[in-house]
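Biologist: Walk me through this one, please, and tell me how each label is earned.

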Amino acid sequence: MLALKDYQSRALRALERFLHASRMQPAADAFAAELNRQDAPQPREYQSTFDDVPAVCLRIPTGGGKTLLAAHAVGMAGRAVLDTDAPIALWLTPSDAIRSQTLAALSNVRHPYRQALAEA
C-alpha cells in the first residue's frame with residue numbers, strides 16, 4: 001500500500017473530523033469549527049448544496065494525489081457518515097481521459113487506488 005504524504009493525511013483527518021462533527025451539529029457549524037481549528041483563511045462560509053448532507057471540496061494542487069485521497073476518503077466517509085463499511089460512491093472526473101485512467105487503476109487489484117478502497 002502506498003503511504004500517504006503528511007499533507008494528504010492531514011487533509012483526510014480534517015475531512016473525517018468535519019464528517020463526524022456534522023452528525024452532531026449542522027454541517028455549516030461543523031465546517032466553521034474545522035476551519036477555526038485550523039486557523040484557515042477566508043472564506044469561512046459553508047454553502048449548503050445538498051441540504052443536510054455534508055459536502056466539502058478538498059483543494060489539492062495538480063499532482064498532489066487527489067485520486068489517491070478520494071480512494072481513501074470513500075471508506076472513511078462511509079463509516080463517518082453512514083455507519084457502513086460498504087458505501088456507494090459517485091466518482092466524477094473532468095474528462096474521459098481521466099475517467100479511463102481512473103477506471104483502469106481502480107480495476108487493478110495491485111494499484112494503490114484499488115488497495116485503498118479494498119483496505120477500507
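**Helix packing, label by label**

Modeller: Let's start where Thr67, Leu68, Ala71, His72 and Val74 of H3 meet Pro112, Tyr113, Ala116 and Leu117 of H5. By class, that contact has seven nonpolar, two polar and no charged residues. Keep in mind that it's a predicted model, where local features need pLDDT of at least 70, side-chain atom pairs count only at pLDDT 80 or more, and totals for chains, interfaces and linings use all residues. Numbering runs from 1 along each chain as its sequence is written, and side-chain values use heavy atoms, leaving out hydrogens and water.

Biologist: What makes residues "meet", and what counts as a helix?

Modeller: Contact means heavy atoms within 4.5 Å. Helices are DSSP runs of H or I with at least four residues (strands are E, at least two), numbered from the N terminus. As for class, Ala, Val, Leu, Ile, Met, Phe, Trp, Tyr, Cys and Pro are nonpolar, Asp, Glu, Lys and Arg are charged, and the others, Gly among them, are polar.

Biologist: Why is H3 called roughly parallel to H5?

Modeller: The axes of H3 (residues 66–82) and H5 (residues 112–119) come within 7 Å and cross at roughly 15 degrees. So H3 is roughly parallel to H5, because angles under 35 degrees earn that name (over 145 is roughly antiparallel, 65 to 115 roughly perpendicular, the rest oblique). Axes are lines fitted to C-alpha atoms, for helices over the stretch in contact, with angles from 0 to 180 degrees between N-to-C directions.

Biologist: And what about H1 and H3?

Modeller: Their axes come within 10 Å and cross at roughly 25 degrees, so H1 too counts as roughly parallel to H3. Leu12, Leu15 and Leu19 are among the H1 residues in the contact, and Met76 and Val81 are among those from H3. By class, it has ten nonpolar, three polar and one charged residues.

Biologist: Why is H4 oblique to H5?

Modeller: H4 and H5 pack at about 55 degrees, axes 6 Å apart, so H4 is oblique to H5. Ala105, Leu106 and Ser107 in H4 meet Tyr113, Arg114 and Leu117 in H5. The H4–H5 crossing is right-handed, meaning the near helix is turned clockwise from the far one by less than a right angle (anticlockwise would be left-handed).

Biologist: How do you know that Asp6 and Arg10 form a salt bridge?

Modeller: Their side chains come to 2.2 Å, N to O, and the label asks for a side-chain nitrogen of Lys or Arg within 4 Å of a carboxyl oxygen of Asp or Glu, so the pair qualifies. Both residues lie in H1 (residues 6–22), four apart, about one turn of the helix. The structure holds four salt bridges.

Biologist: Where is confidence lowest and highest?

Modeller: The low is helix H2 (residues 27–38), at a mean of 84, and the high is H4 (residues 96–107), at 94. That's pLDDT, the predictor's per-residue confidence from 0 to 100. The protein's mean is 87, with 95% of residues at 70 or more.
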